[in-house]
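This report describes the fold of one protein and some of the charged contacts within it. Please examine the sequence and the structure below before reading on.

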Amino acid sequence: EHLIDLKTPWERLSMKDAIKKYGKIDPDKLSDDEMRANLKGKIKEEKLKTAPRGKLIASLFEEFAEHHLIQPHHIIDHPIETTPFCKLHRNLKLREEKFVERFESFILGYEFCNAYSELNDPELQRQLLEAQNNLREGGDDEANPMDEEFVEAVCQGMPPTGGLGIGIDRLTMLFTDAFSIRDVVYFPMMRPEE
């Protein structure tokens with residue numbers, strides 16, 4: 001059991017810094033094959049073989065850092081492969097490394113919110129969605145399908161926007177000290193029959 005302190009400021013770390021701090025692994029010093037070696041046995045072999053660098057970094061975070069985020073944390077600077085609808089980072093170095101303007105907030109090792117600057121470059125959006133669609137057709141069930149209507153909408157002129165999603169179910173878990181998300185889901189059909 002943990003006593004959670006929600007007072008600000010919350011700790012803010014880049015995804016790579018969280019891996020360094022909690023997983024004792026520096027992704028910047030590892031080749032893709034070395035990252036795969038660290039993840040062997042932790043994710044499916046077929047996904048591991050074809051995962052691009054950004055997905056490998058995200059997997060290192062999930063396996064070695066995420067469960068350590070007990071007190072509130074904001075995790076910033078995510079690889080573009082994790083968020084194809086997100087704008088590339090405004091920091092030129094991070095932009096070159098293909099990181100995006102995104103943060104997720106974690107408490108008790110769970111993601112409580114996700115936010116990012118929406119991508120409004122139609123050419124890049126098309127490239128990213130086509131790449132995602134190829135992954136989806138290759139068996140990646142987490143990849144996004146191609147969405148021609150969305151790309152057309154972006155082509156018509158999408159202003160700078162941002163998105164924020166907060167998991168009310170996760171907040172309810174936190175405030176009611178519930179162990180499972182199924183304990184706080186309102187709809188009974190979502191709960192297992194006993």
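Lys7 counts as exposed, because its relative accessibility is 60%, and a residue is called exposed over 50%. Its partner in a salt bridge is Asp5, with 3.9 Å between the closest N and O atoms. Asp5 has a relative accessibility of 38%, so it counts as partly exposed. These values, like those that follow, come from a predicted model.

**Overall fold**

The protein contains eight helices and five strands. Read from the N terminus, these elements follow the order β-α-α-α-α-β-α-β-β-α-α-β-α. The C-alpha trace spans about 45 × 40 × 40 Å along its principal axes. For 194 residues, a compact globule would have a radius of gyration near 16 Å; the protein has 18 Å, and the two therefore agree.

Of the 194 residues, 37% count as buried. Among contacts between residues at least 6 apart in sequence, 59% join residues that are at least 24 apart. The protein exposes about 12100 Å², and carbon and sulfur atoms supply 52% of this area.

**Charges and salt bridges**

The protein carries 26 positive and 38 negative side chains. The centres of these two sets lie 5 Å apart. The structure holds 16 salt bridges, including the three in the table.

| Salt bridge | Closest N and O atoms |
|---|---|
| Asp5 and Lys7 | 3.9 Å |
| Lys20 and Asp26 | 3.9 Å |
| Arg53 and Asp32 | 2.5 Å |

Which parts of the protein does the pair Arg53 and Asp32 tie together? The side chains of Arg53 and Asp32 meet in a salt bridge of 2.5 Å, N to O. Arg53 lies in helix H4 (residues 53-64) and Asp32 in helix H2 (residues 32-39), so the pair ties together parts that are 21 residues apart in sequence. Arg53 is partly exposed, with a relative accessible area of 29%. Asp32 also counts as partly exposed, because its relative accessibility is 26%.

The salt bridge between Lys20 and Asp26 has its closest N and O atoms 3.9 Å apart. Lys20 counts as partly exposed, since its relative accessibility is 30%. Both Lys20 and Asp26 belong to a network of salt bridges, which also links Lys16, Asp17, Asp28, Lys93 and Glu97.

Conventions. Residues numbered from 1 in each chain as written. Predicted model: local features only at pLDDT ≥ 70, side-chain atom pairs only at ≥ 80, totals over all residues. Heavy atoms only, no water. Helix = DSSP H or I, 4+ residues; strand = E, 2+ residues; numbered from the N terminus. Rg over C-alpha atoms; globule rule 2.2 N^0.38 Å. Buried < 20%, exposed > 50% of the residue type's maximum accessible area, 1.4 Å probe, protein only. Contact = heavy atoms within 4.5 Å. Areas by Shrake-Rupley, 256 points an atom, 1.4 Å probe, with all protein chains shown as cover. Lys, Arg positive; Asp, Glu negative; His and termini not counted. Charge placed at Lys NZ, Arg CZ, Asp CG, Glu CD. Salt bridge = Lys/Arg side-chain N within 4 Å of Asp/Glu carboxyl O.
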